[in-house]
Amino acid sequence: LRAQNQVLKKGVVDEQANSAALKEQLKMKEQSLRKLQQEMDSLTFRNLQLAKRVELLQDELALSEPRGKKNKKSGESSSQLSQEQKSVFDEDLQKKIEENERLHIQFFEADEQHKHVEAELRSRLATLETEAAHHQAVVDGLTQKYMETIEKLQNDKAKLEVKSQTLEKEAKECRLRTEECQLQLKNLHEDLSGRLEESLSIINEKVPFNDTRYSQYNALNVPLHNRRHQLKMRDIAGQALAFVQDLVTALLNFHTYTEQRIQIFPVDSAIDTISPLNQKFSQYLHENASYVRPLEEGMLHLFESITEDTVTVLETTVKLKTFSEHLTSYICFLRKILPYQLKSLEEECESSLCTSALRARNLELSQDMRRMTAVFEKLQTYVALLALPSTQPDGLLRTNYSSVLTNVGAALHGFHDVMKDISKHYSQKATIEHELPTATQKLITTNDCILSSVVALTNGAGKMASFFSNNVDYFIASLSYGPRAASRFISPLSAACMLQYKKKAAAYMKALRKTLPESVPYEEALADRRVLLSSTESREGLAQQVQQSLEKISKLEQEKEHWMLEAQLAKIKLEKENQRIVDKLKSTSSGQLAGLAQESAVMVTTAVQDEAMAKASLEPVQNTGLVGILTRTSDSKVQDAESREDLIKNHYMARVVELTSQLQLADSKSVHFSAECRALSKRLALAEKSKETLAEEMKVASQNISRLQDELTTTKRSYEDQLSMMSDHLCSMNETLSKQREEIDTLKMSSKGNSKKNKSR
């Protein structure tokens, strides 16, 4: 079918170009033929005059000859007559020569014009051939694109087959699950039936009051506020308003251009006066805006009445009544102009310019106009029924409104079908009128405007019908706010009271609401939460680190106090030892020994102080005093023992410092790793949540893929239907083109014969 489609497209383009060229040639030939026919008529009339003149002259000559034989005296008079006749013949001959010269000039000009037209047509043919080559290149590109799409669809088909096999396996598993679920459902049904009986017995025994028993009081209860329902109803009303606006614009254009057409065809008002019937029809059509514009205003008021704070049901849509009244006034306008429209079409059929095909199209249009008025009347009836619950709720039962809504959808589909027929028949009529020799440019443009308005009406009716059929189930589900089991609608007074109570309740709730303090914006809070969850320095880890550092600080303070006490004790011992040495030295008389004793005492004090500071700060200290060095040099054994002790002490002190630093590093690393483990666990939980959301999105995407595949199959079917329609249209075009070619051949033959006759003349 795609290959045939490409061939058919090419054929259509070629045939359209040929038909356009042949139409232009036909118009030129018709003009030349009319000129030649006029010249031929003038020549035949002149020839008849000359023939009669020759016959008269021959009769006079025949009468004059016997008279010349009998009477010689009359010879002079006859010679005079012959001279006069000769002069007359000379004058006629001169006129004939001039006329023949004029005809030769006209024929030469016509031949030159024909050659010029032929050159123009040849140049246009060359341009059309180049355009055809360009279109062929475009068609080749499209074929390549279609082949790629076919390959892609085949690959998708293979994937879908594999997927169908997996789905069959899942279906088997689902069947087993359904059997289990049926058993569970049976058990649950038995359990719930027992509970229901128990609860009913409790309600009958214990509940003394039921506020839903009386429908009159129940109608005053404020229903639950469904914001989603209100937003959807407002969205639906907005779409309906857009469709009605398009429909109103198209109706205004249709009536206005129809009025312009009446002023032009079949009689142009600028040249001659039109009939009284068409004058009256034009006057009525001039008033169309006063009947069509209120439809848009009524729908706009209905849209404005649907807000987020109200309850939108049939009892509360009071503005639907005004829209119904505006629609009734427009129906009266259509009834008023329908007879004039039918009479105007009959008047077109009776005119001399109307052909049989045009007459048939006019009859079809008259039938379509009757059907259009009937469809509007049917639609107005159902809209009036929909407006009853807001004014007279007892006019119709609530259970019948589902059928009313379905009939509204059927009426809209009927309106769409009628507009398609009108568009089809009017396009055929416009093509026939354009081919008439008396068709003016004003008529052609007016017909094109009417066709565009009819196409806009058709598109608007189709959109409105599909929109209503898609939302009819939602309309049926939201007819009233009362109990679903009720058979009638709630009275308008009760609905108005309910709306007042709803406003009071909303005002009360608004008064109770307190203004909350300013908080962190939602986006910023989410960002902070992500940072808190993903950071390694979480609150728990920091708390543990603080607790451990506090414990270490307390231990270090205790050790510091211990070593301070040890240092004070060592200091006291040192002072006592110094006092004892000074007392001993006083007993001696040698000043040198006393000096040495003092130096040794200073050396001992410095050694004791260094030992206390090393114990307090856990750092090794070396003794660099001068007396220490002298004693080391003087006493080698004491020096070796002290150096050995210092080395051992320094080694162990360095080892203790290293181990404490490693211990602190290990503690900090363990805290860091524990915090990272907590953050990773939280990240893992977040990743699992995101995985679940992505799985749900994958399910939605698979459902969208299946829906798109269904749409692809439907588009394929519609494309095949369009191809069949195009083939039928091409067949009809071929037939019309063959007929036009035959007519052109006959016109060529007749023009050749006329040219030969003119040449012979």
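# A guided tour from helix 7 outward

Start by selecting helix 5 and helix 7, where helix 5 passes helix 7 in a left-handed crossing. The model in the viewer is a predicted one, and everything pointed out on this tour should be read with that in mind. Helix 5 covers residues 276–285, and the two helices pack at an angle of about 145°, with their axes 10 Å apart.

To see what makes this contact, show side chains on both partners: helix 5 contributes Leu277, Asn278, Lys280, Phe281, Tyr284 and Leu285, while helix 7 contributes Phe333, Lys336, Ile337, Tyr340, Gln341, Lys343, Ser344 and Glu347. Colouring these residues by class gives 7 nonpolar, 3 polar and 4 charged for the contact of helix 5 with helix 7.

Keep helix 7, which spans residues 319–350, and add helix 4, residues 227–264; this pair packs at an angle of about 35°, with axes 13 Å apart. Here too the crossing is left-handed, with helix 4 passing helix 7. On the helix 4 side, select Leu251, His255 and Arg261, and on the helix 7 side Tyr330, Phe333, Leu334, Ile337 and Glu348, which together make the contact. By class, the residues joining helix 4 to helix 7 comprise 5 nonpolar, 1 polar and 2 charged. Phe333 and Ile337 deserve a label of their own, since they are listed in the contact with helix 4 and again in the contact with helix 5.

Staying on helix 4, centre the view on Thr258, which is found in that helix. Is Thr258 buried or exposed? Its relative accessibility is 12%, and it therefore counts as buried, the cut-off being under 20%. Leaving aside residues up to four places away in sequence, Thr258 touches Leu285 and Ile450, and Leu285 is one of the helix 5 residues in the contact with helix 7. A distance drawn between the C-alpha atoms of Thr258 and Ile450 should read 6.9 Å, although the two residues are 192 apart along the chain.

Next, move to helix 2, residues 74–206, and pick out Gln85 within it. Gln85 has a relative accessible area of 17%, so it is buried by the same under-20% cut-off. With residues up to four places away in sequence set aside, Gln85 touches Glu60 and Leu61. The C-alpha atoms of Gln85 and Leu57 are separated by 8.0 Å, with their positions 28 residues apart along the chain.

For a contrast in exposure, go to Arg530 in helix 12, residues 522–534. Arg530 counts as exposed because its relative accessibility of 54% is over the 50% cut-off. Its C-alpha atom is 9.4 Å from that of Arg683, a residue 153 places away along the chain.

Now select the stretches that an unreviewed UniProt entry annotates as "coiled-coil region": residues 19–53, 143–177, 539–573 and 677–718. In the model, residues 19–53 are 100% helix and 0% strand, and their end C-alpha atoms lie 50 Å apart. Residues 143–177 are likewise 100% helix and 0% strand, with 49 Å between the end C-alpha atoms.

Finally, zoom out to the whole protein, which has 16 helices and 0 strands. Of its 761 residues, 24% are buried, and the protein exposes about 53,100 Å², of which carbon and sulfur atoms supply 58%. Among contacts between residues at least 6 apart in sequence, 85% join residues at least 24 apart.

Methods:
Residues are numbered from 1 along each chain as its sequence is written. This is a predicted model: local features need pLDDT of at least 70, side-chain atom pairs count only at pLDDT 80 or more; totals for chains, interfaces and linings use all residues. Side-chain values use heavy atoms; hydrogens and water are left out. Helices (H or I, at least four residues) and strands (E, at least two) are DSSP runs, numbered from the N terminus. Buried means under 20% relative accessible area, exposed over 50%, partly exposed in between (1.4 Å probe, protein chains only). Contact means heavy atoms within 4.5 Å. Accessible areas come from the Shrake-Rupley method with a 1.4 Å probe; for residues, only the protein chains shown count as cover. Axes are lines fitted to C-alpha atoms, for helices over the stretch in contact, and angles run from 0 to 180 degrees between N-to-C directions. A crossing is left-handed if the near helix is turned anticlockwise from the far one by less than a right angle, and right-handed if clockwise. Ala, Val, Leu, Ile, Met, Phe, Trp, Tyr, Cys and Pro count as nonpolar, Asp, Glu, Lys and Arg as charged, and the others, Gly among them, as polar. UniProt positions are given in the numbering used here, feature names are shortened, and annotations may be inferred rather than shown by experiment.
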